[in-house]
Each structure stands twice: as C-alpha cells, then as structure tokens.
Amino acid sequence: METDYMNFVDIKNIEKKQKTPVEVVLTCNISGKMTPLFIKWKSGCIYKIDKFMDIKPKGANKILYKIIVNNKKTTLYYDNKVWLVDEK
C-alpha cells in the first residue's frame, strides 16, 4: 500500500520565507517619500535595486516593496524604522 505523502505536507509553509534585517541606502523627497536604492546584505555585499514591481503602504509606518535585485524577485519591507528583506 502506497502512502500519499502530500497529505503530510503543510502547503502553506513550503514557500515560507524568513525576513532578514538589512541596511538600505535611499532617497527621501521633501514630502517624506522614501525610495530605496541599494540593499546592504548581512555579509556586507551591496545590491542595487533594479526595478520596483509594486509599492504598497501597509498601515502606519509600514511599506511593502516588491522589487527585482540581480534578476530575482523579492520583497523589501519597511516596518517602523526597520528594513527587512525576504530570504529564501
């Protein structure tokens, strides 16, 4: 008898990503709009943000940026003065 292993897999957690704190180089205009330009990873490497796919405010002091860095899609979060990025 074969066991259906898919019944034991938590589908919601397959793509779960860890949010990692990062440093960000950005511009801020006179009205306070922040535009991230570079991400400094925990290893010290600095990556240019190539493209913004989407920017969504998520309540007071929270912004979600869907971005492309080195031809890879990821999400950058601004959460009350802290910058986080999805780590796969």
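Trainee: How many aromatic pairs does a search of the whole structure find?

Mentor: The model is a predicted one, and searching the whole structure gives three aromatic pairs.

Trainee: What makes the pair of Phe52 and Tyr65 tilted?

Mentor: The ring centres of Phe52 and Tyr65 are 6.1 Å apart, and the limit for a pair is 6.5 Å; their planes stand at 55°, whereas stacked requires under 30 degrees and edge-to-face over 60, so the pair is called tilted. The pair links distant parts of the chain, with Phe52 in strand 5 and Tyr65 in strand 6, 13 residues apart.

Trainee: Why is Tyr65 called buried, and why does Phe52 count as partly exposed?

Mentor: Tyr65 has a relative accessible area of 1%, and buried means under 20%, so Tyr65 is buried. Phe52 has 30% relative accessibility, and partly exposed covers what lies between 20% and 50%, therefore Phe52 counts as partly exposed.

Trainee: What makes the pair of Tyr65 and Trp83 tilted?

Mentor: Tyr65 and Trp83 are 5.7 Å apart centre to centre, with 35° between the planes, and an angle neither under 30 degrees nor over 60 counts as tilted. Because Tyr65 lies in strand 6 and Trp83 in strand 8, this pair ties together parts that are 18 residues apart in sequence. Phe52, Tyr65, Tyr78 and Trp83 form one aromatic cluster.

Trainee: Why does Thr74 count as buried?

Mentor: Thr74, which is placed in strand 7, has 18% relative accessibility, and the cut-off is under 20%, so Thr74 counts as buried. Among the residues that Thr74 touches are Tyr65 and Asp86, and a polar atom of the Thr74 side chain lies 3.3 Å from the backbone oxygen of Asp86.

How values were computed: Residues are numbered from 1 along each chain as its sequence is written. This is a predicted model: local features need pLDDT of at least 70, side-chain atom pairs count only at pLDDT 80 or more; totals for chains, interfaces and linings use all residues. Side-chain values use heavy atoms; hydrogens and water are left out. Helices (H or I, at least four residues) and strands (E, at least two) are DSSP runs, numbered from the N terminus. Buried means under 20% relative accessible area, exposed over 50%, partly exposed in between (1.4 Å probe, protein chains only). A polar contact is a pair of N or O atoms within 3.5 Å; within protein, one must be able to donate a hydrogen and the other to accept it, and residues adjacent in sequence count only if both atoms are side-chain atoms. Contact means heavy atoms within 4.5 Å. Rings of Phe, Tyr and Trp (its six-membered ring) pair if their centres lie within 6.5 Å; planes under 30 degrees apart count as stacked, over 60 as edge-to-face and the rest as tilted. Lists of a residue's contacts leave out its neighbours within four places in sequence.
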